[in-house]
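Got the viewer open? Here is a tour, one selection at a time, of what to click on next and what you will find there.

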Amino acid sequence: DETRPPLFILGESGSGKSSFIRAGLLPHILHSNNESKEIYIKEMNPSAFHGKIYNSIVDYLVNSFPILKNNPVLEDLYNGIKADYNFKHLKYALETSYDKLQTILFIDQLEEIFNDNSITEEEQNRTFLLLKGLTKIKCIQLILSMRSDFYNRFTRYSDLGFIKNSSIVVDIPKVSFADITEIIEIPAQKANLKWEINDKGVKLCKQIAKDAYTLGQ
C-alpha cells in the first residue's frame, strides 16, 4: 500500500467545508472501504486544547495505536525532540503492526492555530512538523480544513507548505442563495412533494433556503 495523500479543504467562511467533509467525504471513505480495514475517525479543533494541540495529536495517536504506549521514544515524541528520528521510528512501528487499520485525523478550522492567542509560534511549528511526519505513514489519513483567507500563511511555514504540496487540495466556492434553493427544491420536485405555505403566503422551502443562506454568512 502507498501512503494516502492528505486532503486539504479550503473555502471562505460559510462555504460548507465542514459539511462537505462530514456529510460527503467521510461517508464516502467509509462506504468505499474495499480492503476490509478497520477505520477510525478523530475530529479535532485546534482551539479546543488550550494551546496544547501538539500533545493532543500525540495523545490521539497513543489511543489509536496501543503499541505506542510502551514505545521507548514516546517521551521524546511528547517533548518534540529528535523529531526526524522519532517520526521514522513511528512510521516503522505503525506500518509493521497495523496493516488492517486506517485512522483518519480530521482537523477542522486549522486557521485557529494562527488566530488562537494561546497557541504559541513554537507550538505552531512543532505541530506542523508533526503533521508533516504523519503524511508519510500509510495507516494515517490527514484531512484538514481551513479558511481560504489564511492561505498566504503557507509561505511562512515550510512544513505547512510541504503538507499543502503533498495534498489533494479542494477549494470550495461559496454557495449562493440560488444554489441552496436548488439543493432544497429539486429533490422534492423529483419526488413529487408539495411544500407547505405559511400564513404570509411563503413556501416553506423558501424560508428554509433563506435561513440556511443567512446562517452561512
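How many aromatic pairs does the count come to? Seven, by the ring-to-ring rule. Keep in mind throughout that this is a predicted model.

**Stop 1: the rings**

Select Phe114 and Tyr157. Their rings form a tilted aromatic pair, with 5.8 Å from centre to centre and 45 degrees between the planes. Now colour by secondary structure: Phe114 lies in helix α5 (residues 112-115), while Tyr157 is in the loop between β4 (140-147) and α7 (158-165), so the pair ties together parts that are 43 residues apart in sequence. Buried or exposed, these two? Both Phe114 and Tyr157 are buried.

Add Phe128 and Phe150 to the selection. Together with Phe114 and Tyr157, they make up a cluster linked by ring pairs.

Next, pick Tyr151 and Phe154. Here the ring centres are 4.7 Å apart and the planes sit at 80 degrees; an angle over 60 counts as edge-to-face, so that is what this pair is. Switch on a surface and the two partners part ways: Tyr151 is partly exposed at 36% relative accessibility, whereas Phe154 is buried at 7%.

Leave Phe154 on and show Lys164. Lys164 lies over the face of the Phe154 ring, 5.9 Å from the ring centre. There is another arrangement of this kind to select: the charged end of Lys132 sits over the ring of Phe162, at 5.0 Å from its centre.

**Stop 2: zoom out**

Go back to a cartoon of the whole protein chain. You should be able to count nine helices and five strands. Tracing along the sequence, the order reads β-α-β-α-α-α-β-α-α-β-α-β-α-α. The C-alpha atoms fill a box of roughly 70 × 40 × 25 Å along the principal axes. Of the chain's 217 residues, 42% count as buried. If you draw the contacts with a separation of 6 or more, 77% of them come from residues 24 or more positions apart.

**Stop 3: the nonpolar cores**

Select Phe8, Ile57, Phe65, Leu94, Leu105, Leu131 and Leu134. These are the residues with the most contacts inside the largest nonpolar core, which has 41 residues. Which element gives this core its largest share? That is helix α2 (residues 53-64), with seven residues.

Centre on Ile57 and show what surrounds it. Beyond its neighbours within four places in sequence, Ile57 is in contact with Met44, Leu105, Ile107, Thr127, Leu130, Leu131 and Leu134. Then hide all that and try Ile21, Leu25, Phe106 and Ile143: they are among the eleven residues of a second, separate core.

**Stop 4: two loops**

Click on Tyr98, in the loop between α4 (83-97) and β3 (101-107). Its relative accessible area is 17%, and the cut-off for buried is under 20%, so Tyr98 counts as buried. Setting aside residues up to four places away in sequence, Tyr98 touches Phe65, Pro66, Ile67 and Cys139. Put a distance label from Tyr98 to Lys138 as well: the two are 40 residues apart in sequence and 9.7 Å apart in space, C-alpha to C-alpha.

Now jump to Asn71, in the loop between α2 and α3 (74-79). Asn71 is buried too, at 13% relative accessibility. Apart from residues up to four places away in sequence, its contacts are His89 and Ala93.

**Stop 5: cysteines**

Cys139 came up as a partner of Tyr98. Cys139 is buried, with 2% relative accessibility. Select Cys205 and you get a buried residue at 2% as well. How many disulfides does the count come to? Zero.

**Stop 6: two helices to finish**

Select helix α8 (residues 177-190). Its 14 residues reach 20 Å from first C-alpha to last, close to the 20 Å expected at 1.5 Å a residue. For the buried residues of α8, highlight Ile180, Thr181, Ile184, Glu185 and Ala188. Step past the end of α8 to Asn192, where phi is positive, near 60 degrees.

Last pick: Ser158, in helix α7. Ser158 is exposed, at 63% relative accessibility. Label the distance from Ser158 to Leu129 and you will find 9.0 Å between their C-alpha atoms, with the two positions 29 residues apart along the chain.

Technical notes
Residues numbered from 1 in each chain as written. Predicted model: local features only at pLDDT ≥ 70, side-chain atom pairs only at ≥ 80, totals over all residues. Heavy atoms only, no water. Core = buried A, V, L, I, M, F, W, Y, C linked by side-chain atoms within 4.5 Å. Buried < 20%, exposed > 50% of the residue type's maximum accessible area, 1.4 Å probe, protein only. Helix = DSSP H or I, 4+ residues; strand = E, 2+ residues; numbered from the N terminus. Contact = heavy atoms within 4.5 Å. Disulfide = S-S within 2.5 Å. Phe/Tyr/Trp six-rings, centres within 6.5 Å; stacked < 30°, edge-to-face > 60°. Lys NZ or Arg CZ within 6 Å of the ring centre and 35° of its normal. Expected span 1.5 Å × (residues − 1).
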